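Me: I should like to study this protein through a few questions about its interior and one of its pockets. Please show me the structure.

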Amino acid sequence: MKYLDPKADLTFKKIFGNHPKRLISLLNALLPLSEEEQIHEIEYLPTELVPQLEGGKNTIVDVLCTDVRGRKFCVEMQMEWSDAFQQRVLFIASKLYVSQAKKGGRYSELQPVYSLNLINDIFAHDTPDFIHNYRIVHDKDSNKVIEGLHFTFIELPKFTSHSIADKRMMVLWLRFLTEINSNTKEIPSDLLNDPEIGKAVEDLEVSGFTDAELRAYDKFWDSVSVERTLLDDRYQKGMEEGMAKGEEVGKSQRSIEIAKNMLAKGMDEATIQEITGLTEDQILQIQ
């Protein structure tokens, strides 16, 4: 093994947690920023956020920074998708936005918060698109926008190098995140030729990690494997319970939950109907 996978918690924070130019390059490449909105200088912020509720656990994010305009940028690398993670993202971005308010200050002084979330999982099974940008928009006219909160979710497994045209740095950074792992022996020259990506590759070399760090790296992937196994077991158990209920499943709340899980896994409607007993209209309503 010559290189480590950049998506692991240890490596991701090492690569982007203390290298301003590198992080700026990543943010400008992956966020939907116009030329006027490009980031030029950042300052790192503490990644531990004080809990909003008394007695709650502190929230720790992967990378957090602010630029010279006062805009906040939060970057998260997530191995598994869940609705809970989506709510966590919303909570963190909202907290960062509200935390800017000072006594006697003006609301007009509040700066936008950008949340960049790299997901090593597929959650949008109904579209080939792998980049999902969200803002607060009017329900009938998306050109009417309330500025302040911006969310970007990227499904890394969907990415291929020909998925994007004329966005060189976006392609290079996504290739860096998806193509390099413990099986990599040689790095493509076009990745090494970019100054920041080339330095990031050097930080992935196994020789630069201590034995303790390598053990932590292996432990991280072990925990990911266990979590995926548990999720698969719950899914299988849900299918078995749904089939055992037979005729009752079509009327129960459990059948609806099973159908949601199956849709999330990309299973076809005919199979879902057969297993849950739901009608076509009911499945369309769930979708």
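Me: Which residues have the most contacts inside the largest nonpolar core?

Reply: The model is a predicted one. Its largest nonpolar core holds 50 residues. Within this core, the residues with the most contacts are Phe-16 and Phe-176.

Me: Which element supplies the largest share of this core?

Reply: Several elements each supply at least two residues of the core, among them the helices α1 (9-16) and α7 (211-245) and the strands β4 (63-67) and β5 (72-78). Another such contributor is α4 (168-179). The largest share amounts to seven residues, and the element that supplies it is α4.

Me: How many residues are in the second, separate core?

Reply: Apart from the largest core there is a second, separate one. Phe-85, Ala-93, Phe-123 and Phe-153 are included in it. The number of residues in this second core is 17.

Me: Which element gives the most to the lining of the second largest pocket?

Reply: This pocket contains about 360 Å³ of space. Of its 19 lining residues, the closest to the centre are Asp-9, Met-77, Gln-78, Met-79 and Phe-220. Two or more lining residues come from each of α1, β5, α3 (83-98) and α7. With four residues, the element that gives the most is α7.

Me: How many residues of this lining are charged?

Reply: The lining of the second largest pocket can be divided by residue type. Eight of its residues are nonpolar and three are polar. The number of charged residues is eight.

Definitions and conventions:
Residues are numbered from 1 along each chain as its sequence is written. This is a predicted model: local features need pLDDT of at least 70, side-chain atom pairs count only at pLDDT 80 or more; totals for chains, interfaces and linings use all residues. Side-chain values use heavy atoms; hydrogens and water are left out. A nonpolar core is a set of buried Ala, Val, Leu, Ile, Met, Phe, Trp, Tyr and Cys residues joined through side-chain atoms within 4.5 Å. Buried means under 20% relative accessible area, exposed over 50%, partly exposed in between (1.4 Å probe, protein chains only). On a 1 Å grid over the protein atoms alone, a cavity is a set of points where a 1.4 Å probe fits but cannot get out, and a pocket is an open set with protein on both sides within 12 Å along at least five of seven lines; lining residues have an atom within 4 Å of a point. Grid points are joined across faces, edges and corners, and a volume is the space filled by probe spheres set on the points. Ala, Val, Leu, Ile, Met, Phe, Trp, Tyr, Cys and Pro count as nonpolar, Asp, Glu, Lys and Arg as charged, and the others, Gly among them, as polar.
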